[in-house]
Each structure stands twice: as structure tokens, then as C-alpha cells.
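Hi,

Here is the structure I promised to pass on to you. Have a look at it first, and then read my notes underneath.

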Amino acid sequence: MLSGLLIIILLLQSMFTNPTLSSAKSNYKYATTTVNIRAKPNIKSKIVGQLYWNDKVQVVKKVNKKWYLVQYKKKNRYVCAKYLKKKR
């Protein structure tokens, strides 16, 4: 029992110190207000969802000064950059 616990502890420790075992650092941002998630990076594009204040979203990349490409329901979607911030 004790040896099993020790193995689990060592495995967890290696995950946090070994970059090949830990997941890659993800880039997340938080909504500053209710904001639409769109199919394309323009305000006339179809709304496919919404983020609410302080919702976390994974950013894939910044498309331009106005738009982020984000991961939403396992699809790439767009959010207006001025409504996202780095920290809660």
C-alpha cells in the first residue's frame, strides 16, 4: 500500500517537473462582459455562442488587432479582442 502511494506521488511530481509529461501551457483569457462568439472574425458573422463575465476561453491565436481565434465546443471560433483579458 505504501509503495503504491509512493509511486503515485513520484509520478505526480514528475508530471510537474518534466515538460514531456505535463500538458503544454495553454493560453487562456477571460471575458470582461457578455460577448458573442462568432463563426468568422467580423460583427456581421453568425453568432454561435456567448461568453459571460469572467468565463474562461482558450485562445488559439490573435488574428488581428480586433479578433482572437478561440477554441469553443471543440471548434475554432472568433471573439472580439477588446472583450477578453489575461487575468480574472
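Below is what I found, going from the whole chain down to single residues.

**The whole chain**

One thing to keep in mind from the start: this is a predicted model. The chain has one helix and seven strands. If you follow it along the sequence, the order is α-β-β-β-β-β-β-β, so try tracing that on your screen with the helix as your starting point.

How much of the chain is buried? Of its 88 residues, 26% count as buried. The chain exposes about 7,000 Å², and carbon and sulfur atoms supply 58% of that area. I also looked at contacts between residues at least 6 apart in sequence: 43% of these join residues at least 24 apart.

**Tyr28 and the lysine over its ring**

Now go to strand β1, which covers residues 28–31; Tyr28 sits in this strand. Is Tyr28 buried, partly exposed or exposed? Its relative accessible area is 33%, and because that value lies between the 20% and 50% cut-offs, Tyr28 counts as partly exposed.

Leaving out residues up to four places away in sequence, Tyr28 touches Lys56, Val57, Gln58 and Lys86. Lys56 deserves a second look, as it lies over the face of Tyr28, at 4.5 Å from the ring centre. Val70 is 42 residues from Tyr28 in sequence, yet the two are 9.1 Å apart in space, C-alpha to C-alpha. And how many aromatic pairs does the structure hold? The number is zero.

**Arg77, a buried charge**

Arg77 is my favourite one here. You will find it in strand β6. Arg77 is buried and yet has no salt bridge. Why no salt bridge? The nearest side chain of opposite charge belongs to Asp55, 15 Å away, and a salt bridge needs the two charged groups within 4 Å, so Asp55 is too far off to make one.

What does Arg77 touch instead? Setting aside its neighbours within four places in sequence, Arg77 is in contact with Ile37, Arg38, Ala39, Val48, Tyr68, Leu69, Val70 and Tyr72.

**Asp55 and Gln50**

Since Asp55 has come up, here is where to look for it: the loop between β3 and β4, with β4 running over 56–62. Asp55 is partly exposed, at a relative accessible area of 27%. Beyond residues up to four places away in sequence, Asp55 touches Lys29, Tyr30 and Ala31. Asp55 and Val35 are 20 residues apart in sequence, and their C-alpha atoms are 9.9 Å apart.

Gln50 is in strand β3, residues 47–51. With 33% relative accessibility, Gln50 is partly exposed. Not counting residues up to four places away in sequence, Gln50 touches Thr34, Val35, Asn36, Ile37 and Tyr72. From Gln50 to Arg38 it is twelve residues in sequence and 8.6 Å in space, C-alpha to C-alpha.

**Three lysines in loops**

Next, please go to the loop between β5 (67–72) and β6, where Lys73 lies. Lys74 lies in the loop between β5 and β6 as well. What is unusual to check here is the sign of phi. For Lys73, phi is near 50 degrees, a positive value in a residue other than glycine. Lys74 is not a glycine either, and its phi is positive too, at about 65 degrees.

Are Lys73 and Lys74 buried or exposed? Lys73 has 68% relative accessibility, so with the cut-off at over 50% it counts as exposed. Lys74 is exposed too, with a relative accessible area of 79%.

The last stop is Lys82, in the loop between β6 (75–80) and β7 (84–85). Lys82 is exposed because its relative accessible area, 63%, is over 50%. Lys82 and Trp67 are 15 residues apart along the chain, and 8.1 Å separates their C-alpha atoms.

If you only have time for two places, I would pick the ring of Tyr28 with Lys56 over its face, and Arg77, buried without a salt bridge.

Cheers

How values were computed: Residues numbered from 1 in each chain as written. Predicted model: local features only at pLDDT ≥ 70, side-chain atom pairs only at ≥ 80, totals over all residues. Heavy atoms only, no water. Helix = DSSP H or I, 4+ residues; strand = E, 2+ residues; numbered from the N terminus. Buried < 20%, exposed > 50% of the residue type's maximum accessible area, 1.4 Å probe, protein only. Contact = heavy atoms within 4.5 Å. Areas by Shrake-Rupley, 256 points an atom, 1.4 Å probe, with all protein chains shown as cover. Lys, Arg positive; Asp, Glu negative; His and termini not counted. Phe/Tyr/Trp six-rings, centres within 6.5 Å; stacked < 30°, edge-to-face > 60°. Lys NZ or Arg CZ within 6 Å of the ring centre and 35° of its normal.
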